[in-house]
Amino acid sequence: QLQASGGGLAQAGGSLRLSCAASGRALGNYAMGWFRQAPGKERIFVALIDQSGRRTTYADSVKGRFTISRDNAKNTVNLQMSSLKPEDTAVYSCAAATAYGSTWSAAFHSWGQGTQVTVSS
């Protein structure tokens with residue numbers, strides 16, 4: 001089971017760090033992604049990291065501001081969010097995929113409960 005944490009309220013320009021932890025599975029076996037869903041909108045891709053942590057992919061909207069990383073020894077995946085904007089406000093969820101590459105949510109077979117991120121202007 002995956003569990004995202006670290007969300008909260010931040011001011012525009014501020015930073016937050018999200019974490020995704022797993023129980024009962026080794027995250028190192030999976031590519032891991034972060035997605036977000038704003039109120040009334042579809043869930044969209046944010047960032048992806050491969051099993052080793054050497055390859056990453058970002059949505060254009062967060063490139064240069066967000067950094068995905070992982071610590072397989074601690075069984076966690078993190079999303080460092082900087083230069084936050086009000087449009088980053090959403091529920092952020094982590095998910096696991098068998099292979100690295102696709103950013104479509106259908107490629108992810110395990111989803112965790114999300115964490116709310118709210119950015120005020």
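This is a short walk through the strands, the disulfide, the salt bridges and a couple of backbone oddities in one predicted model.

Okay, everyone, let's get going. Please keep in mind throughout that we're looking at a prediction.

I'll start with the sheet. There's an open sheet of four strands here, and the order across it is β1-β3-β8-β7, with antiparallel pairing. On the edges you've got β1, residues 2–5, and β7, residues 66–71, and each of those pairs on one side only. If you like twist numbers, neighbouring strands in this sheet are turned by 15° against each other on average, ignoring direction.

Now zoom in on the β7 side. β7 and β8, with β8 covering residues 76–81, run antiparallel and are joined by six bridges. One pair to click on is D71, whose bridge partner in β8 is T76.

Between those two strands there's a loop, and that's where N75 sits. What's odd about its phi? N75 isn't a glycine, yet its phi is positive, about 60°. N75 is also buried, at a relative accessible area of 17%, which falls under the 20% cut-off.

There's a second residue of that kind, S83. Again not a glycine, and again with a positive phi, this time about 50°. You'll find S83 in the loop between β8 and β9. Is S83 buried or partly exposed? At 40% relative accessibility, S83 counts as partly exposed.

Let's move to the other end of the chain, to β11, residues 115–120. This strand has a covered face made of T115, V117 and V119, and an uncovered one with Q116, T118 and S120. That fits the general pattern: in a regular strand the side chains alternate between the two faces of the sheet.

Who does β11 pair with? Strand β2, residues 8–11, runs parallel to β11 and is joined to it by four bridges. A pair to look at there is L9, which has T118 as its bridge partner in β11. Then there's β9, which pairs with β11 in the antiparallel sense over three bridges. In that pairing, Y92 is matched with T115 of β11. So T115 turns up twice in my notes, on the covered face of β11 and as the bridge partner of Y92.

And β9 brings us to the disulfide. The structure holds one, and it joins C20 to C94, with an S to S distance of 2.1 Å. Where are the two cysteines? C20 is in strand β3, residues 16–22, and C94 is in strand β9, so this pair links distant parts of the chain, 74 residues apart. Which hand does it have? The torsion about the S-S bond of C20 and C94 is about 70°, so the disulfide is right-handed. Both cysteines are buried.

Right, salt bridges. There are four in the structure, and I'll pick out some of them.

Take R55 and D50, whose side chains meet at 3.0 Å, N to O. The two partners sit in different surroundings: R55 is partly exposed at 46% relative accessibility, whereas D50 is buried, with a relative accessible area of 5%.

Next, D60 and K63 form a salt bridge, with the closest N and O atoms 3.1 Å apart. D60 is exposed, with a relative accessible area of 67%.

The one I'd like to spend a minute on is R65 with D88. Their closest N and O atoms are 2.7 Å apart. R65 lies in the loop between β6, residues 56–58, and β7, while D88 lies in the loop between β8 and β9, residues 90–97, so the pair ties together parts that are 23 residues apart in sequence. Both R65 and D88 are buried. There's also a third member, because salt bridges that share partners join R36, R65 and D88 into one network.

How accessible is R65? Its relative accessibility is 10%, so R65 counts as buried. And which residues does R65 touch, leaving out those up to four places away in sequence? The list is Q80, M81, S82, S83, L84, K85 and D88. Notice S83 in there, the residue with the positive phi of about 50° that I showed you earlier.

That's my tour. If you open the model afterwards, I'd begin with R65 and D88, then go on to C20 and C94. Thanks, and over to you.

How values were computed:
Residues are numbered from 1 along each chain as its sequence is written. This is a predicted model: local features need pLDDT of at least 70, side-chain atom pairs count only at pLDDT 80 or more; totals for chains, interfaces and linings use all residues. Side-chain values use heavy atoms; hydrogens and water are left out. Two strands pair if DSSP finds at least two bridges between them. Axes are lines fitted to C-alpha atoms, for helices over the stretch in contact, and angles run from 0 to 180 degrees between N-to-C directions. Buried means under 20% relative accessible area, exposed over 50%, partly exposed in between (1.4 Å probe, protein chains only). A disulfide is a pair of cysteine sulfur atoms within 2.5 Å. Contact means heavy atoms within 4.5 Å.
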